[in-house]
Amino acid sequence: MTFKRKAAPVVALTAAALALSACATSSRDSGSSGDSSSSSGGTGTFTFGAAGAPKLFDPFYATDGETFRVSRQIFDTLVDIKEGAATLEPGLAEKWEPSADGKDWTFTLKKGVKFTDGTDFNADAVCKNFERMFDQNEAGAVAAEYWGDNMGSFKSDAANSLYKGCDAKDETTAIIHINRATSKFPAMLSLTSFSMQSPTAMDKGKANDVQKAGEGFTYPAYSQAPVGTGPFKLDKYDEANKTVTLVRNEDYAGDKAKSAKIVFKIIPDEATRRQELQAGSIDGYDLPNPVDWKGLKDAGFNVEVRPAFNILYLGLNPTNNPKLKDLKVRQALYYALNRDQLVKTQLPEGAAVATQFMPDTVSGYNKDLKPYAYDVEKAKSLLAEAGATGMTLNFAYPSEVTRPYMPNPQKLYDAMKTDLEAAGIVVNTSTKPWNGGYLDDVSAFKYDAFLLGWTGDYDSADNFIGTFFGNLKTNRFDTKDQDFGQALSDELKAADGIVDADKRATAYEDLNKKIMEEYLPGLAISHSPPALVVSSKVKGLVVSPLTAEKFAGTYVEQ
């Protein structure tokens, strides 16, 4: 999901899993309430306090949550996520069917859908979107992180790409070809990055004309004027007043949005967002500090707590600290942490100690795994057996950030540091701002240990443990320097390629057991339910476990 990727800085914007063997079909529930109806919508404005400005408005190159929050209202995807859940449902495709080998996927498209510039949405548009995403210049290939993470590579390196090609069989039938069966297809098509965009607008705005500029990129005119099929369209981005305004798409093919406008008011400071909500100048904001939940509820605000579809982990780097290559040392660190106390004192109600690197709602979760117990004496004993008594650990945490899985990084860090020191470990502290060097340093393997986490993009084991450990060259746990690294990478790829859903789930259950008991590349800490808070006048909001809310059904009661 969004909120967790490292975004390259934007230098300038130029002006102007479903089972592989099954098909899917369903219909979205609809209805009306308040001062609006499903056919005509209301007249009000929903104002949301955003933590930051969108980096750009073309979701294909986006990596940050604030861009995705806006884009999600403007664009539709072929495959959608059911509101309030993490399961798949139809989007712009009414249904889909794989070939027996899971490599050719036939999508039956909705009829009568148009982009907001009047261009028809059809199979030809689908194929043009995929070819546009696939065919990137060198800078675009770096900027399009979600394609790289999910599809592997681009046209210039087609042999290593998951994507193979697309055929428009007729107006409403598109066939997407992939090079190998994978559990994450078609679930990955629900990602906002893979939204369907107007081929006409992309051609006019030279959407792929991304250029490298210093440490970041410059983006073409289209990135400021995106065209989708969604319930809203972009009206304006007022940088001076720090607002992004969307207006209802009156020609939307589905139920019309219940608000005439959405205004995203950019307020970087969480305390200021809370004050503006209390003053009535915004109608809601994301990730209120858990210590404020009760006060906000007592004041009459609705604190909507999402299910915990995330993981907080303590990453370990064996290259920086060779002692971490010893399984006994890694186990000792785990036994040293009083995670029960951590969850009770530092995380919101509903948080839980993790037994593995995915939440229990994901297929492949191993229900038989038990958490490592808090046992300081066992930690000391294991360190002694490994010849690591009194070892030094350079341990880092991020500042200037709140994450769904990590509401207060410093307090979580301080608690863990105290526990590790009680086991005789010498802890050296490092910290940097989240977007001010911390993520760069983690990716550059500068710390022995670090706090990080993940909110799932969709319901798939591969989206969790595959993302963490699958790429042997680039994963942040640096498993290429562990004797089990290649085996783990190979096992993840094999599990991902199993077509039968039940057999695949069993393979992931077995692999989760191996990861936690034999490999232990890092320490899974906890799952934490993030919240979103709104005024009592806000109606129709459905919160998402993926922190991926759509606001088409949301309105402010007059």
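**Exercise 1. Follow the pairing of strands β11, β12 and β13.**

*Step 1.* Start with β11 (residues 232-238), which pairs with β12 in the antiparallel sense over 6 bridges. Strands here are DSSP runs of E of at least two residues, helices are runs of H or I of at least four, and both are numbered from the N terminus. Two strands count as paired if DSSP finds at least two bridges between them. The model is predicted: local features need pLDDT of at least 70, side-chain atom pairs count only at pLDDT 80 or more, and totals for chains, interfaces and linings use all residues. Residues are numbered from 1 along each chain as its sequence is written, and side-chain values use heavy atoms, with hydrogens and water left out.

*Step 2.* Find a facing pair: D238 is opposite T243 in β12. Then look at the turn: the hairpin of β11 and β12 has 4 residues between the strands, and K242 in the turn has a positive phi of about 55°.

*Step 3.* Move on to β13 (residues 261-266), which β12 also joins in the antiparallel sense, over 5 bridges. Here T245 stands opposite V263.

*Step 4.* Check how covered β12 (residues 243-248) is: 5 of its 6 residues are buried, with buried meaning under 20% relative accessible area, exposed over 50% and partly exposed in between (1.4 Å probe, protein chains only).

**Exercise 2. Work out the order of the 4-stranded open sheet and find what packs on it.**

*Step 1.* Read the order, β5-β6-β8-β7, with antiparallel pairing.

*Step 2.* Pick out the edges: β5 (93-98) and β7 (163-170) each have a single partner strand, so one side of each has no neighbour in the sheet. From one strand to the next, the twist averages 20°.

*Step 3.* Zoom in on β5 and β6 (residues 104-109), an antiparallel pair over 5 bridges. The bridge partner of E97 in β6 is T106.

*Step 4.* Add helix α2 (residues 123-134), which packs on the sheet and touches β6, β7 and β8 (173-178). The direction of α2 makes about 165° with that of β7; axes are lines fitted to C-alpha atoms, for helices over the stretch in contact, and angles run from 0 to 180 degrees between N-to-C directions.

**Exercise 3. Decide whether two loop residues, D292 and N179, are buried or partly exposed.**

*Step 1.* Place D292 in the loop between β14 (284-286) and α7 (293-298). Its relative accessibility is 17%, so D292 counts as buried.

*Step 2.* List its contacts (heavy atoms within 4.5 Å). Not counting residues up to four places away in sequence, D292 touches E270 and R274.

*Step 3.* Turn to N179, in the loop between β8 and α5 (199-204). At 33% relative accessibility, N179 counts as partly exposed. Leaving aside neighbours within four places in sequence, the contacts of N179 include K103, Y163 and K164.

**Exercise 4. Describe the lining of the largest cavity.**

*Step 1.* Count the lining: 26 residues, with R72, I81, S190, T192 and A548 nearest the centre of the largest cavity.

*Step 2.* Name the contributing elements: α1 (65-74) and β3 (79-81) each supply at least two residues of this lining.

Note on methods
On a 1 Å grid over the protein atoms alone, a cavity is a set of points where a 1.4 Å probe fits but cannot get out, and a pocket is an open set with protein on both sides within 12 Å along at least five of seven lines; lining residues have an atom within 4 Å of a point.
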